Amino acid sequence: MSSWWQTLSRRERSLLMAMAVVVGLFLIYFALMRPLFAWRASGEIALQNAQSTAILVDRATAAAGGGATDGQGAATGPALRGIITASASANDIPVAAFQLSQSGASVIISIETITASRLYGWLGQLESERNIRVTEARISRARFGETTVQARLTLSQGN
């Protein structure tokens, strides 16, 4: 092989090396990169399906009125989460995360980017229509927005 390589002219060697690089890039793309891109796309679709299923389950729970109450008729746990999820979805509130408090009597939500007036309007609607109040709030200016805020709210129903 070495003697054959030496018999080639400099131009032929350069062309063969360029061809080897192109074939190598071709193999890397079709053997590694393309399957990774397909895997990521299918993961994103699965995530969207799971999120939409969770929203539908939460809406059904809220509509059915099922779930735990605290003895005074106030919803707790998954029922409260269902009410908040349904309301946020109906009002296009971009809730990034839900978490039940340790006691299960309240729901902690995180909202990444929303205008302050829209957030306060939605919280006022929750209080007037569902008697859901903010028990703890951390609201700060969003990182990339002049007119938007991010919030971490603890919500509970009743007094």
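Helix 3 and helix 4 are oblique to each other in this predicted model, because their angle of about 130 degrees falls outside the ranges that count as roughly parallel, roughly antiparallel or roughly perpendicular. Besides this helix pair, the points below cover a strand hairpin and a span that carries a UniProt annotation.

**The packing of helix 3 and helix 4**

- Helix 3, which covers residues 77–90, packs with helix 4, which covers residues 116–130, and the axes of the two helices lie 11 Å apart.
- The crossing that helix 3 and helix 4 make is right-handed.
- On the side of helix 3 the contact is formed by Ile83, Ile84, Ser87 and Ala88, while helix 4 contributes Trp122, Leu126 and Arg130.
- Sorted by character, the residues in this contact of helix 3 with helix 4 comprise five nonpolar, one polar and one charged.

**The hairpin of strand 1 and strand 2**

- Strand 1, at residues 95–100, pairs with strand 2, at residues 106–115, in the antiparallel sense, and the pairing runs over five bridges.
- Within this pairing, Leu100 stands opposite Val107, a residue of strand 2.
- The two strands form a hairpin with five residues between them, and in the turn Gly104 has a positive phi of about 80 degrees.

**The annotated span**

- According to UniProt, in an unreviewed entry, residues 15–32 carry the feature "transmembrane region".
- In the model, residues 15–32 are 100% helix and 0% strand, and the C-alpha atoms at the ends of this span lie 25 Å apart.

Conventions: Residues are numbered from 1 along each chain as its sequence is written. This is a predicted model: local features need pLDDT of at least 70, side-chain atom pairs count only at pLDDT 80 or more; totals for chains, interfaces and linings use all residues. Side-chain values use heavy atoms; hydrogens and water are left out. UniProt positions are given in the numbering used here, feature names are shortened, and annotations may be inferred rather than shown by experiment. Helices (H or I, at least four residues) and strands (E, at least two) are DSSP runs, numbered from the N terminus. Two strands pair if DSSP finds at least two bridges between them. Axes are lines fitted to C-alpha atoms, for helices over the stretch in contact, and angles run from 0 to 180 degrees between N-to-C directions. Angles under 35 degrees count as roughly parallel, over 145 as roughly antiparallel, 65 to 115 as roughly perpendicular and the rest as oblique. A crossing is left-handed if the near helix is turned anticlockwise from the far one by less than a right angle, and right-handed if clockwise. Contact means heavy atoms within 4.5 Å. Ala, Val, Leu, Ile, Met, Phe, Trp, Tyr, Cys and Pro count as nonpolar, Asp, Glu, Lys and Arg as charged, and the others, Gly among them, as polar.
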